Amino acid sequence: MKKQQKKSKEVEQCLVLIKPDGLVKSLTGNIITELSDTELKIVGAKVVQVTRELAEEHYQHLKEAAFFDELIKYIMGHYHTRRVLALVYQGENAIEKVRKIVGATNPEKADPTSIRGKYGRITSAGVFENVVHASENAPEAEREIKLWFRPDELVYTVFDTEVKEVKIDKMFWKEKEEVKKSK
Ligand code: UDP
Ligand code: MG
């Protein structure tokens, strides 16, 4: 008997970024609601002020593109707000499921019912302001998640971790003078 071709059900993680235009347009709730149709789990979330270093590393595959400088400014928040909401989704075929709802890169070509089709635009500088980022494939997802998150910022991870002893300075909330004196 012929073996039945089964669709792979591998547990994957996918980085989703709600880009600065998504935040300024108050689309966070809509985007998370739309992505909840995937029934994937959110295993990490944080608001990030994107540095040039992080932006350039994230978009390293587009270094030679004519729109690279504009793209870096866009993700750093020069045109909207200096914030990106970074999320990690986990589950079976997470990347395919997320990217289907996110839609094609070019918002004019994206399915009009997808997030990018509904809310994206092309700027006069030629950048696709497409509201969200989603990892393209498993190796890229791993690279991106490791770039944006430390292992202890995720509740689960499918990537190997190791423990290292390091000396670090950590920031704490400053105690009020009255509290200090009463001790
Ligand atoms: N981008 C653009 N013009 C292009 C291609 C890409 O402005 O012709 C921007 C767009 O914001 C896109 C990002 O660069 O989301 C990363 O491009 P990529 O090809 O990786 O597309 P994605 O994986 O985001 O769909
Ligand atoms: Mg990409």
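Let me start with the sheet, which is an open one of four strands in the order β2-β3-β1-β6, with antiparallel pairing; strands here are DSSP runs of E of at least two residues, helices are runs of H or I of at least four, both numbered from the N terminus, and two strands count as paired if DSSP finds at least two bridges between them. The edges are taken by β2, residues 41-48, and β6, residues 132-134, and because each has a single partner strand, one side of each is left without a neighbour in the sheet. From one strand to the next the twist averages 20 degrees, where axes are lines fitted to C-alpha atoms, for helices over the stretch in contact, and angles between N-to-C directions run from 0 to 180 degrees.

I should say at once that this is a predicted model, in which local features need pLDDT of at least 70 and side-chain atom pairs count only at pLDDT 80 or more, while totals for chains, interfaces and linings use all residues. Residues are numbered from 1 along each chain as its sequence is written, with chains lettered from A and ligands numbered from 1 in the order in which they are written.

Going through the pairs, β2 and β3 are joined antiparallel by seven bridges, β1 and β3 by eight, again antiparallel, and β1, residues 11-18, is linked to the antiparallel β6 by three. Leu87 in β3 is the bridge partner of Ala45 and also of Val16, and Val16 in turn stands opposite Ala134 in β6.

Which helices lie across β1, β3 and β6? One is α2, residues 28-36, which runs at about 160 degrees to β1, and another is α5, residues 94-102, at about 30 degrees to β1.

Val16 deserves a second look, since beyond its neighbours within four places in sequence, Val16 is in contact with Leu35, Leu87, Tyr89, Val98, Val132, His133 and Ala134, contact meaning that C-beta atoms placed from the backbone lie within 7 Å. Val16 is also among the residues with the most contacts inside the largest nonpolar core, which has 32 residues, and Cys14, Leu15, Tyr89, Val98 and Val132 are named with it. Such a core is a set of buried Ala, Val, Leu, Ile, Met, Phe, Trp, Tyr and Cys residues joined through C-beta atoms within 7 Å; buried means 20 or more other C-beta atoms within 10 Å of the residue's own, exposed means 12 or fewer, and partly exposed lies in between. At least two core residues come from each of β1, α2, α4, β3, α5, α6, β6 and α7.

Turning to the backbone, most residues other than glycine have a negative phi. Asn93, in the loop between β3 and α5, has a positive phi near 45 degrees, and with 17 other C-beta atoms within 10 Å it is partly exposed. Val131, in the loop between β5 and β6, has a positive phi of about 70 degrees, but Val131 counts as buried, with 25 C-beta neighbours inside 10 Å.

Finally, what surrounds ligand 1? The shell consists of Leu62, Phe67, Leu71, Thr105, Val127, Phe128, Asn130, His133 and Glu136, a residue being near if its C-beta atom, placed from the backbone, lies within 6 Å. By class that gives five nonpolar, three polar and one charged residues, with Ala, Val, Leu, Ile, Met, Phe, Trp, Tyr, Cys and Pro as nonpolar, Asp, Glu, Lys and Arg as charged, and the others, Gly among them, as polar.

Conventions:
Contact = placed C-beta atoms within 7 Å.
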